[in-house]
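User: I'd like to go through the metal site and the ligand pocket here, and hear the reasoning behind each label. Can you take me through it?

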Amino acid sequence: LCQTKEQRILDFVLKNAVRGDPQSVIDNIDKYCSQREWSMNVGNEKGIILDNVVKESNPSTILELGTYCGYSAVRICRLLKPGVRFFTVEFNPAYAAVAKQIIEFAGLIDKVQVLEGSTGDIIPQLKKKYEVDTLDFVFVDHWKDKYKPDTQLLEKCNLLRKGSVVLADNVIVPGAPDFLEYVRNCGKYDCTNFPSFLEYMDEKDALEKAVFRG
Ligand SMILES: O=C(NCCCOCn1ccc2cnccc21)c1cc(-c2ccc(F)cc2)cc(O)c1O
Ligand SMILES: [Mg+2]
């Protein structure tokens with residue numbers, strides 16, 4: 001019996017999507033969350049912007065902060081060439097469990113490492129424990145008050161290089177005002193705002209792209 005919304009989303013995907021077909025996984029999560037139960041996936045409108053930024057960055061090492069059910073992990077990884085590494089950090093073990101099953105069903109689990117824990121603990125481990133040199137692309141989609149401190153932590157840990165792309169969800173709703181002020185005014189990033197809509201709603205939201213100047 002599916003007790004949680006996340007388990008119901010997983011169940012819908014397992015029943016209705018095509019195993020090994022990432023697009024059908026994406027389409028079915030969007031179908032369930034627009035018709036039955038709203039949930040905080042980046043969604044299709046912002047997802048198309050995410051796709052375009054990923055394609056133009058052509059990244060080899062990617063970090064995602066906030067896995068949730070794995071929707072954006074599937075969206076990003078379906079576009080990546082073989083041999084790239086995708087790390088995604090999830091705080092909530094129940095979300096991580098659902099995400100792993102959805103990523104596996106999509107056929108992308110070999111590219112993905114789901115790291116369970118807090119960004120504050122995991123980011124400082126990336127170089128030594130996970131053999132990361134620098135990150136080409138970071139998708140920021142976790143607690144909105146951690147966007148700024150975690151971006152500063154990425155800098156402090158020397159995980160960003162000239163041209164590293166930091167793409168942040170929800171900079172309008174729920175909003176990340178201190179993050180926006182920081183990346184736009186600290187002088188270390190070239191920023192672009194992409195107006196869009198909150199997933200499955202008519203409310204305005206936006207993504208912010210901040211390219212590290214090195
Ligand atoms: O809250 C949101 N996301 C964050 C989840 C927890 O993240 C916690 N978390 C995940 C890894 C991780 C690692 N370390 C610490 C905390 C860590 C979020 C919320 C909304 C939203 C919009 C309108 C509403 F009326 C209500 C909610 C929309 C979104 O797109 C979101 O992404
Ligand atoms: Mg979000």
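Analyst: Sure, and bear in mind that this is a predicted model. Let's start with the metal: along the sequence, the donor residues of the magnesium ion (ligand 2) follow the spacing D-x27-D-N.

User: What makes Asp141 and Asn170 a pair that links distant parts of the chain?

Analyst: They are 29 residues apart. Asp141 is in the loop between strand 4 (135-140) and helix 7 (147-156), while Asn170 is in the loop between strand 5 (160-168) and helix 8.

User: How do you know which residues coordinate the magnesium ion (ligand 2)?

Analyst: A donor has to be an N, O or S atom within 2.8 Å of the metal. Asp141 (OD), Asp169 (OD) and Asn170 (OD1) sit at 2.0 to 2.2 Å, so they count as donors.

User: On to ligand 1. Why is the approach of Glu199 to ligand 1 called a polar contact?

Analyst: The cut-off is 3.5 Å between N or O atoms. A polar side-chain atom of Glu199 lies 2.5 Å from an oxygen atom of ligand 1, so the pair qualifies. Asp169 also gets there with a polar side-chain atom, 3.2 Å from a ligand 1 oxygen. For Thr119 a backbone N or O atom does it, 3.0 Å from a nitrogen of ligand 1.

User: How much of ligand 1 does the protein cover?

Analyst: 79% of the 690 Å² of accessible area that ligand 1 has on its own.

User: And what makes up the shell around ligand 1, by class?

Analyst: Eight nonpolar, six polar and six charged residues. Ligand 1 itself sits in the largest pocket, and strand 2 (85-90) and helix 8 (171-175) are the elements giving two or more residues to the shell.

Terms used:
Residues are numbered from 1 along each chain as its sequence is written. Chains are lettered from A and ligands numbered from 1 in the order in which they are written. This is a predicted model: local features need pLDDT of at least 70, side-chain atom pairs count only at pLDDT 80 or more; totals for chains, interfaces and linings use all residues. Side-chain values use heavy atoms; hydrogens and water are left out. A polar contact is a pair of N or O atoms within 3.5 Å; within protein, one must be able to donate a hydrogen and the other to accept it, and residues adjacent in sequence count only if both atoms are side-chain atoms. Accessible areas come from the Shrake-Rupley method with a 1.4 Å probe; for residues, only the protein chains shown count as cover. On a 1 Å grid over the protein atoms alone, a cavity is a set of points where a 1.4 Å probe fits but cannot get out, and a pocket is an open set with protein on both sides within 12 Å along at least five of seven lines; lining residues have an atom within 4 Å of a point. A molecule sits in a cavity or pocket if more than half of its atoms lie within 2 Å of its grid points. Helices (H or I, at least four residues) and strands (E, at least two) are DSSP runs, numbered from the N terminus. Ala, Val, Leu, Ile, Met, Phe, Trp, Tyr, Cys and Pro count as nonpolar, Asp, Glu, Lys and Arg as charged, and the others, Gly among them, as polar. Donors are N, O and S atoms within 2.8 Å of the metal (3.2 Å for Na, K and Ca); water is not among the atoms, so sites may look incomplete.
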